[in-house]
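Welcome! Please take a moment with the sequence and the 3D view before reading on.

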Amino acid sequence: MHLHKVIIVCSNRIEADQAKAITSFMTWFKYQDHRPNFVFIYNKAEHMDDAERDEAVSDMCGLIGADSNFTVMVRCADAADLVRVSYSLAVGFPPRAPLMQVHGDLKALYHALFLFPDDHEQLTVNTSACSNL
């Protein structure tokens, strides 16, 4: 099986069992060798200010052993310049929010999920190592 990205989404407090399950996925998918294939999203951050968002992402990544500062340089389809994309981010989408209110979070999420660095390689997964497949 081949994957482009492994996307981990959390919100609120992460319980010990949840952290254990996430770290199991990270081990199975060899996070330490394939960091550009992982995106960590702290969701439901619409009522947090920037400092609270940074702290939530740092706490989430600290609990699961991910690098909260990992970024990649990618080329946008409509631009010649490279942009720095964070692969650990907090996003929030209030119900019925106007597009302009959530535009920044949507753009950051889109970049993290759908833009790839020039040297991107798919992650090859050994399915025999997982009893769930």
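Here is a short tour of some helices, salt bridges and individual residues.

## Before we start

Please keep in mind that this is a predicted model.

## Helix 1

A good place to begin is helix 1, which covers residues 16-28. Helix 1 has 13 residues, and its first and last C-alpha atoms lie 18 Å apart, close to the 18 Å expected at 1.5 Å a residue. Just after helix 1 comes Lys30, which has a positive phi, near 55 degrees.

Which residues of helix 1 are buried? They are Ala19, Ile22, Met26 and Trp28. These buried residues pack against strand 2, strand 3 and helix 2.

## Helix 3 and its bend

Next, look at helix 3, which runs over residues 99-114. Helix 3 has 16 residues, yet its end C-alpha atoms are only 19 Å apart. A straight helix would reach 22 Å at 1.5 Å a residue, so helix 3 falls short of that span. Where does helix 3 bend? The bend is at Asp105 and amounts to about 30 degrees.

The buried residues of helix 3 are Val102, Asp105, Leu109, His111, Ala112 and Leu113. Their packing partners are strand 2 (6-10), strand 3 (38-42), helix 2 (50-64), strand 5 (82-86) and strand 6 (88-90).

## A closer look at His111

One of the buried residues of helix 3 is His111. With a relative accessible area of 14%, His111 counts as buried because the cut-off for that word is under 20%. What does His111 touch, leaving aside residues up to four places away in sequence? Its contacts are Lys5, Cys76 and Val85.

## The salt bridges

How many salt bridges are there? The count comes to four, and three of them are worth a visit here.

Let us return to the residue at the bend. Asp105 meets Arg53 in a salt bridge between their side chains, with 2.9 Å from N to O. Arg53 lies in helix 2 and Asp105 in helix 3, so this pair ties together parts that are 52 residues apart in sequence. Are these two partners buried or exposed? Arg53 is buried, at 13% relative accessibility, and Asp105 is buried too, with a relative accessible area of 14%.

Another salt bridge joins the side chains of Arg75 and Asp118, at 3.4 Å from N to O. This pair links distant parts of the chain, 43 residues apart: Arg75 sits in strand 4 (residues 71-75), while Asp118 sits in the loop between helix 3 and strand 7 (123-124). Arg75 is partly exposed, with a relative accessible area of 38%, whereas Asp118 is exposed, with 63%.

## Arg13 and its surroundings

The side chains of Arg13 and Glu15 also meet in a salt bridge, at 2.8 Å from N to O. Arg13 is found in the loop between strand 2 and helix 1. At 64% relative accessibility, Arg13 counts as exposed because the cut-off for that word is over 50%. Its partner Glu15 is partly exposed, with a relative accessible area of 37%.

How far apart in space are Arg13 and Ala56? From C-alpha to C-alpha the distance is 9.1 Å, and the two residues are 43 apart in sequence.

## A nonpolar patch on the surface

Now turn to the surface, where Phe93, Leu99 and Leu106 form a nonpolar patch. Together these three residues have about 260 Å² of accessible area. Phe93 has its place in the loop between strand 6 and helix 3. At 30% relative accessibility, Phe93 counts as partly exposed.

## Last stop: Ser68

The tour ends at Ser68, in the loop between helix 2 and strand 4. Leaving out residues up to four places away in sequence, Ser68 touches Val57, Ser58, Cys61 and Ser88. Thr127, in turn, is 59 residues from Ser68 in sequence and 28 Å from Ser68 in space, C-alpha to C-alpha.

Definitions and conventions:
Residues are numbered from 1 along each chain as its sequence is written. This is a predicted model: local features need pLDDT of at least 70, side-chain atom pairs count only at pLDDT 80 or more; totals for chains, interfaces and linings use all residues. Side-chain values use heavy atoms; hydrogens and water are left out. Helices (H or I, at least four residues) and strands (E, at least two) are DSSP runs, numbered from the N terminus. The bend at a residue is the angle between axes fitted to the seven residues ending there and the seven starting there. Buried means under 20% relative accessible area, exposed over 50%, partly exposed in between (1.4 Å probe, protein chains only). Contact means heavy atoms within 4.5 Å. Patches are made of residues with over 30% relative accessible area and no salt bridge: like charges are joined within 9 Å, nonpolar side chains (Val, Leu, Ile, Met, Phe, Trp, Tyr) within 5 Å. Accessible areas come from the Shrake-Rupley method with a 1.4 Å probe; for residues, only the protein chains shown count as cover.
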